[in-house]
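User: Please take me through the helix packing of this model and a few of its individual residues, with the reasoning laid out for each point.

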Amino acid sequence: ILPKPDASQVTDMILRHARMLIDFKGEYTGIREMRTHICFYVSGMKHANDIRRQINTIEHPEELERLFQEHPLQ
């Protein structure tokens, strides 16, 4: 059984997943689909509700990266 990933690993995976979705589907669709995926990534983490609230306002990949820089997962 593998250990649970730490918050920085989850953040890295979220950003990687977002970049791949954007490359595949374009920025508009990729970011909107990623919002849903991020909710699953942060489920059960501290302050998950606040993160989800902020995620729903993101429209560009730069905003997503800035969010995790300013408010790292715990």
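The questions and answers below deal with helix contacts and then with single residues.

User: What kind of model is this, and how are its residues numbered?

Analyst: Side-chain values rest on heavy atoms, with hydrogens and water left out, and residues are numbered from 1 along each chain as its sequence is written. Local features need pLDDT of at least 70 and side-chain atom pairs count only at pLDDT 80 or more, while totals for chains, interfaces and linings use all residues, since this is a predicted model.

User: How are α1 and α2 oriented relative to each other, roughly parallel or roughly antiparallel?

Analyst: Helices are DSSP runs of H or I with at least four residues, numbered from the N terminus, and axes are lines fitted to C-alpha atoms over the stretch in contact, with angles from 0 to 180 degrees between N-to-C directions. The axes of α1 (residues 7-25) and α2 (residues 27-42) come within 8 Å and cross at roughly 155 degrees. Angles over 145 degrees count as roughly antiparallel and those under 35 as roughly parallel, and therefore α1 is, relative to α2, roughly antiparallel.

User: How do the residues of the contact of α1 with α2 divide into nonpolar, polar and charged?

Analyst: Contact means heavy atoms within 4.5 Å, and on the α1 side the residues include Val10, Met13, Ile14 and Leu21, which meet residues of α2, among them Ile31, Met34, His37 and Tyr41. Ala, Val, Leu, Ile, Met, Phe, Trp, Tyr, Cys and Pro count as nonpolar, Asp, Glu, Lys and Arg as charged, and the others, Gly among them, as polar. On that basis the contact of α1 with α2 has eleven nonpolar, four polar and three charged residues.

User: At what angle do the axes of α1 and α4 cross, and which residues of α4 make the contact?

Analyst: The axes of α1 and α4 come within 11 Å and cross at roughly 180 degrees, which makes α1 roughly antiparallel to α4. From α1 the contact takes Thr11, Ile14, Leu15, Ala18, Arg19 and Ile22, and from α4 it takes Pro61, Leu64, Glu65 and Phe68.

User: Where do the buried residues of α3 lie around its axis?

Analyst: Buried means under 20% relative accessible area, exposed over 50% and partly exposed in between, with a 1.4 Å probe and protein chains only. The buried residues of α3 (residues 48-55) are Ala48, Ile51 and Ile55. They cover an arc of only 60 degrees, taken from the directions from the helix axis to the C-beta atoms, and so they lie on the same side of α3.

User: Which exposed residues does the face of α3 turned away from its buried side carry?

Analyst: What covers the buried residues of α3 includes α2 and α4 (61-70). The face turned away from that buried side carries the exposed residues Asn49 and Arg53.

User: Is Thr11 buried or exposed, and which residues is it in contact with, leaving aside its neighbours within four places in sequence?

Analyst: Thr11 has its place in helix α1 and, with a relative accessible area of 11%, is buried. Leaving aside its neighbours within four places in sequence, Thr11 is in contact with Phe68 and Leu73.

User: What is the relative accessibility of His47?

Analyst: His47 is placed in the loop between α2 and α3, and its phi is near 65 degrees, a positive value in a residue other than glycine. His47 counts as partly exposed, its relative accessibility being 45%.

Definitions and conventions: Helices (H or I, at least four residues) and strands (E, at least two) are DSSP runs, numbered from the N terminus. Angles under 35 degrees count as roughly parallel, over 145 as roughly antiparallel, 65 to 115 as roughly perpendicular and the rest as oblique.
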